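Okay, thanks for making time, everyone. I'll put the structure up and talk through a few spots in it.

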Amino acid sequence: MKAARRLLLLSGRALLLLPVVLVLLLEAPPSARGCGPGRVVGSRRRPPRKLVPLAYKQFSPNVPEKTLGASGRYEGKIARNSERFKELTPNYNPDIIFKDEENTGADRLMTQRCKDRLNSLAISVMNQWPGVKLRVTEGWDEDGHHSEESLHYEGRAVDITTSDRDRNKYGMLARLAVEAGFDWVYYESKAHIHCSVKSEHSAAAKTGGCFPARALATLENGTKVPVWALRPGQRVRAMDEQGRPTYSEFLIFLDKAPSARTAFHVIETQDPPRRLALTAAHLLFVGENATAPTKAVFASLVKPGHYVLVTEGDKVQAARVAVVSVQMDIGAYAPLTRHGTLVVDEVVASCFALVQEQHLAQLAFWPLRLYYSLARGDWTQPEGVHWYSMLLYHLGRMLLTSDSFHPSAAAQFES
């Protein structure tokens with residue numbers, strides 16, 4: 001662990017070299033993909049949506065599977081001896097039962113996007129029906145048992161049931177799969193639900209480290225505003241390096257996707273009760289108990305029984321995680337503050353994602369913070385991942401080992 005820590009710190013120093021030069025070249029707001037304001041929402045939270053089970057033979061979205069609005073086109077069969085076989089990753093989640101009737105482990109192989117959605121669904125299934133697990137009956141197919149151009153041949157599709165095989169649950173299981181972020185879900189048979197995802201090469205497969213558009217930040221005057229409405233120069237509640245509450249200047253969005261339909265991990269605490277939604281790769285400050293030191297951890301790794309930092313009045317304190325679930329929401333925003341932290345829905349979160357090193361990320365982003373601290377003027381930030389984040393990611397890929405990154409990193413930056 002000490003050796004790994006030294007490697008990360010050395011890499012952090014290396015990450016600073018290029019930004020030092022770049023900050024001198026910054027003379028205008030960054031160019032990126034198209035722009036547009038987020039959908040206007042009020043500051044009041046909406047009540048939870050009632051989940052409606054899918055009907056038999058219903059699919060969602062209501063378009064053919066291999067179209068742009070769903071899982072996209074078929075890209076060709078993946079064989080064990082093909083170059084693309086490296087795109088598949090095994091899923092050993094103990095909360096999922098794999099039928100594996102071929103006894104080859106093929107059902108456990110899938111794309112990273114499919115794996116992420118399946119793991120999210122497993123959480124939802126256990127929350128919906130305590131004692132019941134998700135069961136996969138078909139995954140990657142290397143034997144030609146499915147129809148021509150089936151996404152099973154690419155590891156982009158799974159057929160699922162519940163572990164108790166109660167068919168009365170399958171309509172709701174399909175709905176939970178939709179909520180978990182599968183790009184196409186079909187109540188195909190009385191015996192199973194079919195789910196599929198976009199290709200890892202599809203631009204639509206990109207996800208970032210974000211909060212939903214309607215998540216609330218707190219301004220210095222006490223007003224709560226949705227994160228999409230934050231404006232450069234506003235001071236928002238955050239946490240300083242000593243773990244004390246403070247107000248920090250909001251500078252820029254590192255990711256801005258007003259219309260993106262995104263899967264968020266929902267962390268709910270008790271005593272005091274808090275509820276925060278954020279993407280799987282985003283960092284939270286997590287401790288093993290109420291008095292243990294916290295460290296930056298991916299949201300996807302937070303479990304019930306962990307402790308996260310929340311605000312209570314003018315204090316920051318630890319709160320026990322009671323429930324972890326997954327929900328879909330519209331809009332995805334990643335605000336950057338001067339301190340590199342932000343209080344969202346009264347939970348303390350990092351501004352960073354993809355690498356579990358808060359200090360390293362804060363160091364690497366200092367040129368961007370410096371530039372936007374000095375830059376003034378009215379301009380509209382374009383939509384998409386900020387180019388500086390993309391630059392640091394590609395530089396980091398040359399300096400850090402692959403396991404330093406969240407699994408979703410490749411889908412975000414390399415598609």
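So, Glu-101: apart from its neighbours within four places in sequence, it's in contact with Asp-107 and Glu-138. Keep in mind that this is a predicted model. Glu-101 sits in the loop between β3, residues 96-98, and β4, residues 109-110. Is it buried, partly exposed or exposed? Partly exposed, because its relative accessibility comes out at 49%, and the exposed class only starts over 50%.

Glu-102 is in the loop between β3 and β4 as well. With the neighbours up to four places away set aside, it touches Asp-107, Glu-138 and Asp-143. Its relative accessible area is 24%, so it's also partly exposed, given that buried means under 20%.

Now, why look at these? The unreviewed UniProt entry has a "binding site" annotation on Glu-101, Glu-102, Asp-107, Thr-137 and Glu-138. Those residues span 38 positions in sequence, but no two of their C-alpha atoms are more than 10.6 Å apart, so they gather at one spot.

Okay, on to the sheet. There's an open sheet of 6 strands here, and the order reads β1-β7-β8-β6-β5-β3, with mixed pairing. At the edges you've got β1, residues 59-60, and β3; each has a single partner strand, so one side of each has no neighbour in the sheet. As a reminder, strands of a sheet pair through backbone hydrogen bonds, parallel or antiparallel. Further in, β6, residues 157-162, pairs with β8, residues 192-196, in the antiparallel sense, over 4 bridges. If you want a pair to click on, Ala-157 has Ser-196 in β8 as its bridge partner. And then helix α2, residues 112-128, lies across β3, β5 and β6, running at about 140° to β5.

Let's jump to another residue, Thr-311. That one is in strand β16, residues 307-312. Its relative accessible area is 1%, so Thr-311 is buried. What does it touch, not counting residues up to four places away in sequence? Arg-237, Arg-274, Val-316, Val-343, Glu-346 and Val-348.

Last bit, the whole chain. The protein has 7 helices and 20 strands. Of its 415 residues, 55% count as buried. If you take contacts with a separation of 6 or more, residues 24 or more positions apart account for 67% of them. And for the surface, the protein exposes about 19,100 Å², with carbon and sulfur atoms supplying 54% of that.

That's my tour, over to you.

Conventions:
Residues numbered from 1 in each chain as written. Predicted model: local features only at pLDDT ≥ 70, side-chain atom pairs only at ≥ 80, totals over all residues. Heavy atoms only, no water. Helix = DSSP H or I, 4+ residues; strand = E, 2+ residues; numbered from the N terminus. Buried < 20%, exposed > 50% of the residue type's maximum accessible area, 1.4 Å probe, protein only. Contact = heavy atoms within 4.5 Å. Areas by Shrake-Rupley, 256 points an atom, 1.4 Å probe, with all protein chains shown as cover. UniProt positions renumbered as here; feature names shortened; annotations may be inferred. Pairing = 2+ DSSP bridges. Axes fitted to C-alpha atoms, helices over the stretch in contact; angles between N-to-C directions.
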